[in-house]
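Please walk me through this structure in the viewer, one selection at a time. I have not seen it before, so say what to select and what is there.

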Amino acid sequence: MDQRLFAAAVAAMERAYAPYSKFQVGAAILAANGKIYSGCNIENAAYPVGHCAEAGAIAAMVLDGIQEIREIAVIGRGDLLTTPCGGCRQRIREFAGPETKIHVCGTEGLRRTFTRDELLPASFGPENLA
Ligand code: THU
């Protein structure tokens, strides 16, 4: 995994606003244009309104005019893998190919890399609506 991607994910995690769950998450996308876009989770006193880190990173990428994820890193603290939630797997799916790498990280570095298809097999996507 690109170390710039890891560093961006860590920096994003450190800015997360997660006073309710106390679980900060960072995400960083290496996009098709070679740039890195990051996001953090932002919680809300009205709990369901909170946003995941991946959603923020995708929003930054799309706002910059890019619609293709080359790789994405997600990071959280704790012993378990901070894998993208179900909704974020679908969000990633929209802008990634079946073999696109999803790097799951801890503070020490990369823990495991999955492909998009491993995390969301037999998925529904834009082709279904074509
Ligand atoms: N969270 C993310 O930001 N991304 C994920 O894919 C998993 C969960 C956040 C949402 C919430 O703010 C906190 O982690 C605890 O669920």
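The tour below goes from the ligand to an aromatic pair, then to salt bridges, and ends at one strand residue.

The model is predicted, so local features need pLDDT of at least 70 and side-chain atom pairs count only at pLDDT 80 or more, while totals for chains, interfaces and linings use all residues. Residues are numbered from 1 along each chain as its sequence is written, and side-chain values use heavy atoms, with hydrogens and water left out.

**Stop 1: the ligand**

Select the ligand and the residues near it (a heavy atom within 4 Å). These are Ser21, Phe23, Val25, Asn41, Glu43, Cys52, Ala53, Glu54, Thr83, Pro84 and Cys85. Next, look at the polar contacts (pairs of N or O atoms within 3.5 Å; within protein, one must be able to donate a hydrogen and the other to accept it, and residues adjacent in sequence count only if both atoms are side-chain atoms). Asn41 places a polar side-chain atom 2.9 Å from an oxygen atom of the ligand. From Ala53 it is a polar backbone atom that lies 2.9 Å from a ligand oxygen. Cys85 has a backbone N or O atom 2.8 Å from an oxygen atom of the ligand. On its own the ligand has 380 Å² of accessible area, and the protein covers 75% of that. Such areas come from the Shrake-Rupley method with a 1.4 Å probe; for residues, only the protein chains shown count as cover.

**Stop 2: the aromatic pair**

Select Tyr20 and Tyr47. A search of the whole structure finds 1 aromatic pair (ring centres of Phe, Tyr or Trp, the last by its six-membered ring, within 6.5 Å; planes under 30 degrees apart are stacked, over 60 edge-to-face, the rest tilted). Tyr20 and Tyr47 form this pair, which is tilted, with 5.4 Å from centre to centre and 40° between the planes. Tyr20 sits in the loop between helix 1 (3-14) and strand 1, and Tyr47 in the loop between strand 2 and helix 2, so the pair ties together parts 27 residues apart in sequence. Helices (H or I, at least four residues) and strands (E, at least two) are DSSP runs, numbered from the N terminus.

How exposed are the two rings' residues? Tyr20 is partly exposed at 37% relative accessible area, and Tyr47 is exposed at 61%. Buried means under 20%, exposed over 50%, and partly exposed in between (1.4 Å probe, protein chains only).

**Stop 3: salt bridges**

The structure holds 5 salt bridges (a side-chain nitrogen of Lys or Arg within 4 Å of a carboxyl oxygen of Asp or Glu). Select Asp64 and Lys35, one of these pairs, whose closest N and O atoms are 2.9 Å apart. Asp64 is in the loop between helix 2 (53-63) and strand 3 (69-76), and Lys35 in the loop between strand 1 (25-31) and strand 2 (36-40), 29 residues apart. Asp64 is partly exposed at 37%, as is Lys35 at 43%.

Move on to Arg111 and Glu108, where the closest N and O atoms of the salt bridge are 2.8 Å apart. Arg111 is partly exposed at 29%, and Glu108 is exposed at 56%.

Then select Asp117 and Arg116, whose side chains meet in a salt bridge at 3.3 Å, N to O. Asp117 is partly exposed at 32%, whereas Arg116 is buried at 5%.

**Stop 4: Thr115**

Finally, select Thr115, which belongs to strand 5 (residues 109-115). Is Thr115 buried or exposed? Thr115 counts as buried, at 17% relative accessibility. Apart from neighbours within four places in sequence, Thr115 is in contact (heavy atoms within 4.5 Å) with Pro98, Glu99, Thr100 and Ile102.
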